[in-house]
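Student: I'm new to this structure and would like a close look at one part of it. Could you pick a pair of helices that pack together, walk me through it slowly, and then show me how other spots compare?

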Amino acid sequence: MIPGVDDGAPDLESALDALQALWQDGVTAVVATPHLQASRVEGSRRKLAEEAWRELRAAVSESLPDLTLERGFEISLDVPRLDLQDEALRLGGTRFVLVEFHGFTIPQRSAEVLGSIVAEGYVPVLAHPERYWGYDRPLSIVPEWRAAGVLMQLNGGSLLGENGDSIRARALRFLSSGWVDLIASDNHARPERCLSLRRVWDYLVARDLEEPARLLLEENPHRILKDESPWVVGSVEDSGGFFSKMIRAFKRGR
Ligand SMILES: [Fe+2]
């Protein structure tokens, strides 16, 4: 959403258009999270993002004064240590921080690396866990991350099949295992990546999953912005059996 700094909005106008579309779809708060590498948190990219952020925020306060616009970064863990003392690195300045694994690959000692963030008093929110390489079949690393205190943020588009059927099956597996705390749009303010969470809401509600949809899309994201722990969502499965059918098909390796 922050213009000109990343693979997102090319300019201020595109960012404002994207935010306007989200607002019209019922989205009331957006946290912009441009990419940043853990090894370069003090680099020029960070300064550029800060300037563009100020510009965007000023424009939004004019044109969409009731939209909450916060910022953070999606920090790629290309090195195991991360100094998070600067609140600008965290989601809306809270103790929560959005992180991802470098190169879409689960690194060695991932639970330890994420646990070290928790030990410093912060809460890692792992971006799109359904999209990484390096899982074993039972996804046995995930309970280790959960035990270390890591939150999970699914990409809404993965649920809708935007990243293929096997990623979708894995996303459903995360949901049915009760491992998901919130769902994000991964909206890049570009025509090919402009998912509105309204579509994810509709998808879940059509399967009688309004209560988990409310927790995943509304309540928990708002709690995080208030620096409060999200509610436990628990296992999310549809009564029609679509989720378990998809999961079974991909467990067999189809
Ligand atoms: Fe990412």
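Tutor: Here is a walk through one helix pair, followed by a few other places in the chain. Keep in mind that this is a predicted model.

Let's start with α7 and α8. Helix α7 covers residues 197-205, and its axis runs 8 Å from that of α8, at an angle of about 155 degrees. An angle over 145 degrees counts as roughly antiparallel, so that is the label for α7 against α8. As for handedness, the crossing of α7 past α8 is right-handed.

Which residues do the touching? On the α7 side they are Leu197, Val200, Trp201, Leu204 and Val205, and on the α8 side Glu210, Pro212, Ala213 and Leu217. Sorted by class, this contact has eight nonpolar residues, no polar ones and one charged. That fits a broad habit: in soluble globular proteins, nonpolar side chains tend to be buried together.

Now zoom in on two members of this contact. Trp201 sits in helix α7. Trp201 has 22 C-beta neighbours inside 10 Å, so it counts as buried; the cut-off for that label is 20 or more. If you skip the neighbours within four places in sequence, Trp201 is in contact with Ala213 and Leu217. You can also find Ile183 from here: Trp201 and Ile183 are 18 residues apart in sequence, and their C-alpha atoms are 9.9 Å apart in space.

Across from Trp201 you'll find Ala213, one of its contacts. Ala213 belongs to helix α8, which spans residues 210-225. Ala213 counts as buried because it has 23 C-beta neighbours inside 10 Å. Setting aside neighbours within four places in sequence, the contacts of Ala213 are Trp201, Leu204 and Val205. Try picking out Tyr203 as well: 10 residues separate Tyr203 from Ala213 along the chain, and their C-alpha atoms are 9.2 Å apart.

So much for the main pair; let's hold two other helix pairs up beside it. Helix α6 (residues 165-176) packs with helix α9 (residues 242-251) at about 120 degrees, and the axes are 9 Å apart. That angle makes α6 oblique to α9. This crossing is left-handed. From α6, the residues in the contact are Ser166, Arg168, Ala169, Leu172, Arg173, Leu175 and Ser176, and they meet Phe243, Ser244, Met246, Ile247, Ala249 and Phe250 of α9. By class, the contact of α6 with α9 has eight nonpolar, three polar and two charged residues.

The other pair is α3 with helix α4, which takes in residues 141-148; their axes come within 9 Å and cross at roughly 15 degrees. Those two helices are therefore roughly parallel to each other. The crossing of α3 past α4 is right-handed. Ser110, Ala111, Leu114, Gly115 and Val118 of α3 make this contact with Ile141, Glu144, Trp145 and Ala148 of α4. Here the classes come out as six nonpolar, two polar and one charged.

While you're around α3, look at the loop between β5 (96-101) and α3 (110-119), where Phe104 is found. Arg109 lies in the loop between β5 and α3 too. What is unusual about a positive phi? Most residues other than glycine have a negative phi. Yet Phe104 has a positive phi of about 55 degrees without being a glycine, and Arg109 has a positive phi of about 55 degrees as well. Phe104 counts as exposed because it has 12 C-beta neighbours inside 10 Å, and Arg109 gets that label with 10.

Finally, step back to the largest nonpolar core, which has 71 residues. The residues with the most contacts inside it are Met1, Ile2, Ala15, Ile75, Val97 and Ile183, so Ile183, which you met beside Trp201, turns up again here. Take Ile75 as an example: leaving out residues up to four places away in sequence, it touches Leu36, Ala38, Leu82, Leu89, Val97, Leu98 and Val99.

Leu36 then leads you on to Arg46, which is in contact with Leu36 and Val41 once neighbours within four places in sequence are left aside. Arg46 lies in helix α2, residues 44-63. Is Arg46 buried or exposed? Arg46 falls in between: with 18 other C-beta atoms within 10 Å, it is partly exposed.

Methods. Residues numbered from 1 in each chain as written. Predicted model: local features only at pLDDT ≥ 70, side-chain atom pairs only at ≥ 80, totals over all residues. Axes fitted to C-alpha atoms, helices over the stretch in contact; angles between N-to-C directions. Helix = DSSP H or I, 4+ residues; strand = E, 2+ residues; numbered from the N terminus. Parallel < 35°, antiparallel > 145°, perpendicular 65-115°, else oblique. Left-handed = near helix turned anticlockwise from the far one by under 90°. Contact = placed C-beta atoms within 7 Å. Nonpolar A, V, L, I, M, F, W, Y, C, P; charged D, E, K, R; others polar. Core = buried A, V, L, I, M, F, W, Y, C linked by C-beta atoms within 7 Å.
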